Amino acid sequence: MTQERPSPASSDTTISFDSAPESDASTSSSVLSVVSSGSEPVVSKKPRPPVRSWPASDEIALLEAVAVHREKLGRLPSPNDLAAALQGRLRAEDRLGAEQVAKRLRALRSRYDAAAIRLSRGTIPVKDDDVTIYRLSKLIWAGTRKGKRKTKTRAADARKDPREFGELSELYPCLSAEVEAIDKGCGAAAAVRVLKRAYGRIGDDTAARLEARVKMQRVAEARASAELDQLRRNVAGALLRLIK
């Protein structure tokens, strides 16, 4: 009795898997082709386009509302005022809450700061919408970039009643030792007297801060010195092994 066997598939048979629907923006399209001849599957991927949580038109409308409010009242609008002003003007109607609007405004501020840095390096926006967003952002935040704020000068911490050097040496031994070292390095006696007189009027806040910095420096120097000694011992040991 002869048992019939299924005939093998033709060698030119190709099984194709279509890419995901175009409506699914979260996945890139791919095409898989499997050939019965034993060749490896071929995967073709397209670069994923950047995802923008808000349409550019909504971001422009948001910035325009902020610019108008600031021009009229001289200050930025509150999140509630901004959400009310944008009612019915945005395509993203589900993002009209004050918290969501404020979050998007903060993101635009950070984007402006980054764009300003890139522009200073010669990189300019390419798309018209990006140019409009940058110009509106500059109108709102120009001159207030993060990191460009003026550093406040620390007020002088001085005492009206000067203290003796011996008293300060007990309170701040490391700092006092450094003052003495500076004194020894000064050639003019007048300069030494002025320095010690000024040290007698130092405030406790300034003295404590400088004392901590001197201690940290000494610890770093001691650690570096120990590492250098260990390195010298290692070098000496290696050289001695060469002559044995």
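**Exercise 1.** What is the mean pLDDT of the protein chain, and what share of its residues reach 70 or more?

*Solution.* Keep in mind that this is a predicted model. Start with the whole chain: the mean pLDDT is 74, and 68% of the residues get to 70 or more. Next, look for the weak spots. Residues 7-47 have pLDDT below 50, and this stretch makes 33 contacts beyond near neighbours in sequence. Residues 147-153 are also below 50, with zero such contacts in the model. So what do you do with stretches like these? Where pLDDT is low, don't read the predicted coordinates in detail.

**Exercise 2.** Check whether the length of helix 8 agrees with its residue count.

*Solution.* Helix 8 covers residues 204-243, which is 40 residues. The rule is 1.5 Å times one less than the number of residues, so the helix should span 58 Å. Now take the end C-alpha atoms: they sit 59 Å apart, which agrees. While you're on this helix, pick out some buried residues: Thr206, Ala207, Glu211 and Val214.

**Exercise 3.** Find the largest pocket and work out which elements line it.

*Solution.* First, the volume: about 270 Å³. Then the lining, which has 14 residues; closest to the pocket centre are Arg111, Ala115, Arg118, Pro125 and Asp130. Now sort by element. Helix 3 (98-120) and helix 4 (128-141) are the ones giving two or more residues, and helix 3 gives the most, with six. Last, sort by chemistry: the lining splits into eight nonpolar, two polar and four charged residues.

Definitions and conventions
Residues are numbered from 1 along each chain as its sequence is written. This is a predicted model: local features need pLDDT of at least 70, side-chain atom pairs count only at pLDDT 80 or more; totals for chains, interfaces and linings use all residues. Side-chain values use heavy atoms; hydrogens and water are left out. pLDDT is the predictor's confidence in each residue, from 0 to 100. Contact means heavy atoms within 4.5 Å. Helices (H or I, at least four residues) and strands (E, at least two) are DSSP runs, numbered from the N terminus. Buried means under 20% relative accessible area, exposed over 50%, partly exposed in between (1.4 Å probe, protein chains only). On a 1 Å grid over the protein atoms alone, a cavity is a set of points where a 1.4 Å probe fits but cannot get out, and a pocket is an open set with protein on both sides within 12 Å along at least five of seven lines; lining residues have an atom within 4 Å of a point. Grid points are joined across faces, edges and corners, and a volume is the space filled by probe spheres set on the points. Ala, Val, Leu, Ile, Met, Phe, Trp, Tyr, Cys and Pro count as nonpolar, Asp, Glu, Lys and Arg as charged, and the others, Gly among them, as polar.
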